[in-house]
Structures are given as structure tokens and as C-alpha cells.
Amino acid sequence: NRGNSRYSLGNLENANEDYKKAIELDPYFVDAHYSLGCANYDLGNYESAFKNFNNVIKIQPYFAKAYTLRANILSFQKKYKMALKDYNLAVLLSPSAETYYNRGVFYMDINYYKKGRSDLSAAIRLNQNNGFAYFYRGASQLLLGKYKNAISDFSTALKFDSFDFDAMLGLSMTYYKLKDAPNAKSYFDKAKQILLNVWKEMFIQ
């Protein structure tokens, strides 16, 4: 429909209006409520998006993505206990690579590194093609003192994106912890060069 077309083109404000009209015609049109929530979420209108996702859940209580996005908003608001409840519901309703990944990243954000590693490992078992999952699991390994595992995960993340600044820096920090100064310096220099290249591109533009 027109709302989805506008959304895909980045015309979020007009997409919002189309979704609202669709809801006026059918208050139980769950996809319109969800799409309106996504548009508001992308616009940073989190209070409106939260209400939209509440409406989705009222109509369709087993809509896992609505719980995940509502959890993200609660996390932004530092309402961590409520956020975790929604992430848990999302995993329960849809134990997928995506839901485990989202909860794993949340655990990392609140410094629950072992639980984060467990969820990120589950996400990787279900989908081995998410470079971000390897990066975050590498970060958990580093913070838990599992340095060899951290090197493996950060190195895998670089296979997905050879210019991943965070993975380069993660490797530098891990080698530093292992007292391997040459490799620590090598990856630090590579990370620094990535930043320099980004700055150069910004100034050229």
C-alpha cells in the first residue's frame, strides 16, 4: 500500500498519515498499528511508538517483534527490568537468532556479560551470518577474560567487515591483555587508520 511505499522511500511523516487513515478504517488492522509504531520509532517518537506497540499486543498478544521494539524503547528509558521482561517474552514467543541477539546485546548493555555471551552464542548457532553477533560475543569474551575466544570472535567479525573499527580495537585490547605488544600496536594502528580515512572522507565532502 501507499504507506509502506512511502516508508520504504524514507518518507516517514506521510507514511504515518497513511497508517493512521488505515487504522481509522479498521481499528483492528494489526499491520497498520505495527507499521505506525515502526515509523514513529524510526522518527524518534518513542512515546507514540510505545503506544502503537501496546495496541499491536492488545490485538495480537503473540507478536514477538512488537515486544522486542517495546523492549528497546524501555531500555532507552533505562527501565531495564521492564525491558528484560519484554525481551524474555520475545524469546519465548519466537526463539530465533534475532530475538536471542537482541536480548544478548541488551545484557551486554547492562553489564550481564555471561548472560550476554550465552544469548549471543545461541544467536550464532541459529544464524552464522551476523557479524555483529560475533563482535558482541567477542566483547563479552574479552570482558570475561576469555582472551583466545575473544580473538576468534573479533577475527570472525572482521571477515564480515574488514574495516570494522570496533573489532580492530577489540583485538588490540585483547592482545594488550595477553601482553602481546606487537599485535596490540598493529591492530591499534589499523583502527586509527580507519578513523583517519573516515575523517578524510568527511573533509573531502
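**Exercise 1. Decide whether R103 is buried or exposed, then find its charged partner.**

Step 1. R103 has a relative accessibility of 13%. Buried means under 20%, so R103 counts as buried. This value, like those below, comes from a predicted model.

Step 2. Look for the partner. The side chain of R103 meets that of D119 in a salt bridge, at 2.5 Å from N to O.

Step 3. Place the two residues. R103 sits in helix α7 (residues 97–109), and D119 sits in helix α8 (residues 113–126). They are 16 residues apart, and the pair links distant parts of the chain.

Step 4. Check D119. Its relative accessible area is 5%, so D119 is buried.

**Exercise 2. Find which residue forms a salt bridge with R137, and say which helices the pair links.**

Step 1. The partner is D153. The closest N and O atoms are 2.8 Å apart.

Step 2. R137 belongs to helix α9 (residues 131–143). D153 belongs to helix α10 (residues 147–160). The two residues are 16 apart, and they link distant parts of the chain.

Step 3. Now check accessibility. R137 has a relative accessible area of 17% and is buried. D153, with 3%, is buried as well.

**Exercise 3. Describe the salt bridge between D189 and K185, and state how many salt bridges the structure holds.**

Step 1. The closest N and O atoms of D189 and K185 are 2.7 Å apart.

Step 2. Both residues lie in helix α12 (residues 181–204). They are 4 residues apart, about one turn of the helix. An α-helix has 3.6 residues a turn, so residues three or four places apart point the same way.

Step 3. D189 is partly exposed, with a relative accessible area of 28%. K185 is exposed, with 51%.

Step 4. The structure holds 4 salt bridges.

**Exercise 4. Work out how far α9 is enclosed, and what its buried residues pack against.**

Step 1. Start with the span. α9 has 13 residues and reaches 19 Å from its first C-alpha to its last. That is close to the 18 Å expected at 1.5 Å a residue.

Step 2. Count the buried residues. There are 10 of 13, so α9 is largely enclosed by the rest of the structure. Among them are Y134, F135, R137 and L142.

Step 3. Find the packing partners. The buried residues of α9 pack against α7, α8, α10 and α11.

Step 4. Inspect the ends. At the start of α9, a side-chain oxygen of N130 comes to within 3.0 Å of the backbone nitrogen of F132. Just after the helix, G145 takes a positive phi of about 80 degrees.

**Exercise 5. Identify the residues that touch the most other members of the largest nonpolar core, then trace the contacts of L171.**

Step 1. This core has 27 residues. Y101, F154, L158, M168, L171, Y175 and Y187 touch the most other members.

Step 2. Ask which helices contribute. α7, α8, α9, α10, α11 (165–177) and α12 each supply at least two residues.

Step 3. Set aside neighbours within four places in sequence. L171 is then in contact with I151, F154, S155, L158 and Y187.

Step 4. Another core lies apart from this one. It has 14 residues, including C38, F53, Y67 and A90.

**Exercise 6. Locate K58, judge its exposure and give its C-alpha separation from R117.**

Step 1. K58 is in helix α4 (residues 46–59).

Step 2. Its relative accessibility is 68%, so K58 counts as exposed.

Step 3. K58 and R117 are 59 residues apart along the chain. Their C-alpha atoms are separated by 32 Å.

How values were computed:
Residues are numbered from 1 along each chain as its sequence is written. This is a predicted model: local features need pLDDT of at least 70, side-chain atom pairs count only at pLDDT 80 or more; totals for chains, interfaces and linings use all residues. Side-chain values use heavy atoms; hydrogens and water are left out. Buried means under 20% relative accessible area, exposed over 50%, partly exposed in between (1.4 Å probe, protein chains only). A nonpolar core is a set of buried Ala, Val, Leu, Ile, Met, Phe, Trp, Tyr and Cys residues joined through side-chain atoms within 4.5 Å. Contact means heavy atoms within 4.5 Å. The expected span of a helix is 1.5 Å times one less than its number of residues. A polar contact is a pair of N or O atoms within 3.5 Å; within protein, one must be able to donate a hydrogen and the other to accept it, and residues adjacent in sequence count only if both atoms are side-chain atoms.
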